[in-house]
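Colleague: I am new to this one. Could you walk me through it, one question at a time?

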Amino acid sequence: MTLSGNSPKILVTGGAGFIGSHTVVSLVNAGFEPVIIDDFSNSERSALDGLRAILGRDVTCYAVNCNDADIMADIFRKEAPIGVIHFAANKAVGESVAKPLKYYRNNLDPLLLLLELMPQYSVQNFVFSSSCTVYGQPEHLPVTEETPRLPAQSPYGNTKAIGEDIIRDAVTAQIPVKALALRYFNPIGAHPSAEIGELPLGVPANLVPFITQTAAGIRPSLTVYGDDYNTPDGTCVRDYIDVVDLADAHVQALKKLIEAPEGASYDVINIGTGRGETVLNVIKTFEEATGVNVNYVIGPRRAGDVEQVYADVTKANRVLEWSARRSLAESLRDAWNWQKKLMK
Ligand SMILES: NC(=O)c1ccc[n+]([C@@H]2O[C@H](COP(=O)([O-])OP(=O)(O)OC[C@H]3O[C@@H](n4cnc5c(N)ncnc54)[C@H](O)[C@@H]3O)[C@@H](O)[C@H]2O)c1
């Protein structure tokens with residue numbers, strides 16, 4: 001861990017959130033100095049306590065909206081970062097259907113502002129949170145970065161596709177930014193210390209928080225949406241990537257950008273394990289890893305669910321020199337320990 005005030009600074013928008021907070025830890029461990037920008041619209045200040053417990057010190061945090069041009073310019077001037085990792089966004093697919101303008105505003109305006117500010121302050125290195133949602137239900141599996149993107153199924157998904165296009169067009173116009181868009185598959189887990197993790201607001205839309213809340217008795221049962229898909233046990237298949245591994249992928253991405261020659265560049269990289277897991281196997285692995293049973297029922301298919309998607313991670317292995325290390329059982333055990341901490 002580096003405590004020096006001279007470590008290169010990285011702005012981390014959304015740094016108090018699920019993936020952002022874990023990335024802050026990875027950045028510090030790699031010798032960078034993260035500077036969090038988070039308006040706490042989908043996180044709690046207790047995330048900063050968790051970071052302090054893990055790191056043994058405070059991390060600078062600006063509790064502001066990263067769409068405020070004046071404040072952001074001040075932060076760029078004052079902090080003089082060498083890179084930006086842009087996590088801040090709204091991410092609830094269902095809510096995005098009901099409130100599309102909120103999603104287009106919050107997921108795209110800050111991106112435009114960052115791409116305008118970075119050249120003004122000579123900041124070149126940019127990592128963007130994208131998603132495997134841009135692939136929809138692909139024809140061929142596993143999904144490579146050459147797999148065509150399909151029309152988005154939700155305004156949220158569309159903001160990720162448009163976000164990628166905005167960066168590509170900016171770079172094509174020779175705006176001097178080196179950018180990598182990381183297409184995450186399904187992030188799960190928590191820091192092994194159980195000091196930071198995912199804070200789902202309301203009823204979780206994702207499988208693992210639903211499993212942990214059901215195991216904890218917060219929800220009476222988990223509904224498995226469909227067991228008649230063309231998969232090994234009939235339930236949907238996803239590629240579950242541990243959030244600590246995912247955080248490390250950001251550090252690798254940043255290092256590769258810093259090493260790359262100056263000048264505009266843009267690329268997209270899948271971040272997953274390369275393995276597809278069925279819903280029922282995730283439940284079974286959770287039960288084995290924790291010794292806690294999960295009450296579940298099989299329900300009808302859910303509208304909008306793709307049957308299966310998992311990553312080809314060859315490019316991440318080659319370009320980032322990164323691969324996922326943590327097993328599904330480890331991720332689920334950590335998610336459970338985090339759930340237990342939340343209930344204390
Ligand atoms: N978690 C997933 O399943 C997943 C999958 C693919 C992509 N992503 C993307 O990864 C990124 C991070 O996701 P996460 O799961 O950590 O979400 P999260 O909600 O836990 O974290 C996002 C953080 O950004 C903050 N924020 C939102 N809008 C802001 C704004 N305008 N100004 C300042 N702060 C703002 C929130 O308060 C929150 O702390 C998002 O861009 C998300 O779309 C997430």
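Colleague: Which backbone oxygen does the side chain of S21 reach?

Modeller: Keep in mind that this is a predicted model. S21 lies in helix α1, residues 18–29. The distance from its side chain to the backbone oxygen is 3.1 Å, and that oxygen belongs to F18.

Colleague: Is S21 buried or exposed?

Modeller: Look at what surrounds it. Leaving out residues up to four places away in sequence, S21 touches G15, A16, L51 and I196. Its relative accessibility is 1%. Buried means under 20%, so S21 counts as buried.

Colleague: Which residues does UniProt list for "domain: NAD(P)-binding"?

Modeller: The listing comes from an unreviewed UniProt entry. In the model, the span is 40% helix and 17% strand, and its end C-alpha atoms lie 27 Å apart. The entry gives residues 11–334.

Colleague: How are the rings of F286 and W336 arranged: stacked, tilted or edge-to-face?

Modeller: The count of aromatic pairs comes to 3. In the pair of F286 and W336, the ring centres are 5.7 Å apart and the planes stand at 85°. An angle over 60 degrees counts as edge-to-face, so this pair is edge-to-face.

Colleague: How many residues apart in sequence are the parts that this pair ties together?

Modeller: Both F286 and W336 are buried. F286 lies in helix α9, residues 279–290, whereas W336 lies in helix α11, residues 328–343. The pair therefore ties together parts that are 50 residues apart in sequence.

Colleague: Over the face of which residue does R301 lie?

Modeller: There are arginines over rings here. R219 lies over the face of F210, at 5.8 Å from the ring centre. R301 is 3.9 Å from the ring centre of Y229. The residue you asked about is Y229.

Colleague: Now the ligand. How far is a polar side-chain atom of K91 from an oxygen atom of the ligand?

Modeller: The ligand is surrounded by 26 residues, and K91 is among the closest, with D38, N42, S43 and Y156. A polar backbone atom of S41 is 3.0 Å from a ligand oxygen. For the K91 side chain, the distance to a ligand oxygen is 2.7 Å.

Colleague: Which residue has a polar side-chain atom 2.7 Å from a nitrogen atom of the ligand?

Modeller: This contact involves a ligand nitrogen and a side chain. Polar contacts need N or O atoms within 3.5 Å. At 2.7 Å, the residue is N106.

Colleague: Which side chain makes a polar contact with that of D242?

Modeller: D242 is in strand β10, residues 240–242. At 1% relative accessibility, D242 counts as buried. It touches I188, G189, R326 and S331, residues up to four places away in sequence aside. The polar contact, at 3.0 Å, is with R326.

Colleague: What is omega for the peptide bond that joins L141 and P142?

Modeller: Most peptide bonds are trans. The one between L141 and P142 is cis. P142 sits in the loop between β5 and α6. Omega there is about -5°.

Colleague: What is phi of Q174?

Modeller: Most residues other than glycine have a negative phi. A80, in the loop between α3 and β4, has a positive phi, near 45°. Q174 lies in the loop between α6 and β6 and, at 57% relative accessibility, counts as exposed. Its phi is also positive, near 65°.

Note on methods: Residues numbered from 1 in each chain as written. Predicted model: local features only at pLDDT ≥ 70, side-chain atom pairs only at ≥ 80, totals over all residues. Heavy atoms only, no water. Helix = DSSP H or I, 4+ residues; strand = E, 2+ residues; numbered from the N terminus. Buried < 20%, exposed > 50% of the residue type's maximum accessible area, 1.4 Å probe, protein only. Polar contact = N/O pair within 3.5 Å; in protein donor to acceptor, adjacent residues only side chain to side chain. Contact = heavy atoms within 4.5 Å. UniProt positions renumbered as here; feature names shortened; annotations may be inferred. Phe/Tyr/Trp six-rings, centres within 6.5 Å; stacked < 30°, edge-to-face > 60°. Lys NZ or Arg CZ within 6 Å of the ring centre and 35° of its normal. Near = heavy atom within 4 Å.
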